[in-house]
Number of protein chains: 2
Amino acid sequence: MGTLQYAILGMLNRDSMTGYDLTREFQTSLFDFWTAKHSQVYPELKSLLEKGYVEYETEISGTALEKKVYTITQQGRDAFQNWEETAYPIKPIPKDEFRLQLFFSDAMEPEMRLKQLEYHLQQHRQRLEQIRKKQEKFDTIPPKEESQFCDYLVMQGAIHREESYCSWLEECINLCQQRKIL
Amino acid sequence: MGTLQYAILGMLNRDSMTGYDLTREFQTSLFDFWTAKHSQVYPELKSLLEKGYVEYETEISGTALEKKVYTITQQGRDAFQNWEETAYPIKPIPKDEFRLQLFFSDAMEPEMRLKQLEYHLQQHRQRLEQIRKKQEKFDTIPPKEESQFCDYLVMQGAIHREESYCSWLEECINLCQQRKIL
DNA sequence: AAAATACATGTCAAATGTTACATGTAAAAA
DNA sequence: TTTTTACATGTAACATTTGACATGTATTTT
């Protein structure tokens, strides 16, 4: 079973919700380590339904709008817990187009390389700021409540990741500038 | 055109080689930021050939083994350089199954979470060591020769990335242990 | 009252990537 | 001399993900 299905089970294990709600979660709370579009979410829900891991009830919003509110089943909970407690070998290194460009940058003007490095530094600084803003909503750090504590840990991870990316780019920029002088 | 095709053009821009050679590069020098299997490389070479970005000559190894040695064309060089000098917006955050597990770890025993964190720390420390070993082959740091300098920059990036992952995991472990005492 | 945005659910085609299938030669080690 | 490893090239089936197509309701803003 694919990871996305476990991500969905994990969300439903916290709370029953619709495909639309799940999609929103993938764009917000899960955004820093897993994303999915609604075009992926709905078919996966169907597949989970066939497996008996989730079930749904139809609710009416207003007078006509139908909502399918999905709930995890005991079977689903078992499958989720089994995944959650398994130590999987780490996945292959994530692909990074910019690193590829940098790797081949011996074929371009040093000035151009610097321009590229500065552009990407700016982009990652922006991303870092966005993540830091999310962190501000915690009133105590680290939070005491268990699920908030988990949120905090992964958010710290996202901050580490972006800080590290930025500091690497800064190091590259310094090395390129020293090189220019020599 | 997909990024993989530019990666191939980039390699061929440095030197003519076979699909087999390219596949080896994806498993070694490019491994820390881009990978591809031979089952992807051969069809992409075919596609690049149709676009007129590469051409090949058949060589015989020994008495019968046929090799297709691919060379980049001027058109291919132009396309590559255009990609190389374009500042693309940064890609969506890479997916990370372990972060997903950690995010949902409020549903498991704190002891289990610690076990998972320690397992992943060990895995990433191993990966870090492997990358550091690669770095040892540079005799001057940073290297003076241009293409080696680029290799060095991306390798520093890989080291930063893994160091940052490890330090995050260490921080998580500390926070979890403090939590256990309270 | 109209327009814009959010809510809500789906499908389809295309791109990307992995694993397995399929075949054969050349060189090195046992 | 046999076996194993490296060299060499492809295809096919499957899984994952994205972007576009398709439709309609409810709420909020102008």
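Is Cys176(A) buried or exposed? Cys176(A) counts as buried, because its relative accessibility is 7%. You are looking at a predicted model, and this briefing walks you through its DNA surfaces, its aromatic rings, its cysteines and one buried arginine. Keep the structure open beside you and look up each residue as you go.

**The surface near DNA strand C**

- DNA strand C is surrounded by 23 residues. The closest are His38(A), Lys67(A), Lys68(A), Ser39(B) and Thr63(B), so look at chain A and chain B here.
- Which part of the strand does the protein come up against? Of the atoms of DNA strand C that come within 4 Å of the protein, sugar and phosphate account for 65%.- Two lysines reach phosphate oxygens of this strand with an N or O atom of the side chain: Lys68(A) at 2.5 Å and Lys37(B) at 2.9 Å.
- Ser39(B) contacts a base instead, with a polar side-chain atom 2.8 Å from a base oxygen of DNA strand C.
- Four elements give two or more residues to this surface: helix 2 (19-27), helix 3 (38-51) and strand 2 (65-72) of chain A, and helix 3 (38-51) of chain B.
- Sorted by class, the surface near DNA strand C has 11 polar, 7 charged and 5 nonpolar residues.

**The surface near DNA strand D**

- How many residues surround DNA strand D? There are 23, and the closest are Lys37(A), Thr63(A), His38(B), Lys67(B) and Lys68(B).
- Sugar or phosphate supplies 65% of the atoms of DNA strand D within 4 Å of the protein, and bases supply the rest.
- Backbone atoms of chain A take part here. A polar backbone atom of Thr63(A) is 2.7 Å from a phosphate oxygen of DNA strand D, and one of Ser61(A) is 3.1 Å from a phosphate oxygen of that strand.
- Leu65(A) also contributes a polar backbone atom, 3.4 Å from a sugar or linking oxygen of DNA strand D.
- The elements giving two or more residues to this surface are helix 3 of chain A, together with helix 2 (19-27), helix 3 and strand 2 (65-72) of chain B.
- Strand 2 of chain B gives the most, with 4 residues.
- By class, the residues of the surface near DNA strand D divide into 11 polar, 6 nonpolar and 6 charged.

**Aromatic rings**

- Over all chains, the count comes to 18 aromatic pairs.
- One of these pairs is formed by Tyr56(A) and Tyr70(A), with ring centres 5.2 Å apart and 45° between the planes, a tilted arrangement.
- Tyr56(A) lies in strand 1 (residues 54-61) of chain A and Tyr70(A) in strand 2 of chain A, so their pairing ties together parts that are 14 residues apart in sequence.
- The two partners can be told apart by their exposure: Tyr56(A) is partly exposed at 33% relative accessible area, whereas Tyr70(A) is buried at 7%.
- Phe80(B) and Trp83(B) make another pair, tilted because their planes meet at 40°, with ring centres 5.8 Å apart.
- Both Phe80(B) and Trp83(B) sit in helix 4 (residues 74-84) of chain B, and because they are 3 residues apart they are separated by about one helical turn.
- Phe80(B) is buried at 3% relative accessibility, and Trp83(B) is buried at 1%.
- Residues of both chains meet in one aromatic cluster: Tyr6(A), Phe33(A), Phe80(A) and Trp83(A) with Phe103(B) and Phe104(B).

**Charges over rings**

- Arg99(A) has its charged end over the ring of Trp168(A), 4.7 Å from the ring centre.
- Across the two chains, Lys95(B) lies over the face of Trp34(A), at 5.6 Å from the ring centre.

**Cysteines**

- A disulfide is a covalent bond between the sulfur atoms of two cysteines.
- How many disulfides does the structure hold? Over all chains, there are 0.
- Cys176(A), the residue from the opening question, is in no disulfide, and its nearest cysteine sulfur, that of Cys172(A), is 6.5 Å away.
- Cys150(B) is in no disulfide either, and the nearest cysteine sulfur to it, that of Cys176(A), is 7.9 Å away.
- Cys150(B) is buried, with a relative accessible area of 0%.

**A buried arginine**

- Where is Arg113(B) found? Arg113(B) belongs to helix 6 (residues 110-135) of chain B.
- Arg113(B) counts as buried, because its relative accessibility is 2%.
- The side chain of Arg113(B) makes a polar contact of 3.0 Å with the side chain of Ser105(B).

Definitions and conventions. Residues are numbered from 1 along each chain as its sequence is written. Chains are lettered from A and ligands numbered from 1 in the order in which they are written. This is a predicted model: local features need pLDDT of at least 70, side-chain atom pairs count only at pLDDT 80 or more; totals for chains, interfaces and linings use all residues. Side-chain values use heavy atoms; hydrogens and water are left out. A residue is near a molecule or strand if one of its heavy atoms lies within 4 Å of it. A polar contact is a pair of N or O atoms within 3.5 Å; within protein, one must be able to donate a hydrogen and the other to accept it, and residues adjacent in sequence count only if both atoms are side-chain atoms. Ala, Val, Leu, Ile, Met, Phe, Trp, Tyr, Cys and Pro count as nonpolar, Asp, Glu, Lys and Arg as charged, and the others, Gly among them, as polar. Rings of Phe, Tyr and Trp (its six-membered ring) pair if their centres lie within 6.5 Å; planes under 30 degrees apart count as stacked, over 60 as edge-to-face and the rest as tilted. Buried means under 20% relative accessible area, exposed over 50%, partly exposed in between (1.4 Å probe, protein chains only). A charge sits over a ring if NZ of Lys or CZ of Arg is within 6 Å of the ring centre and within 35 degrees of the ring normal. A disulfide is a pair of cysteine sulfur atoms within 2.5 Å.
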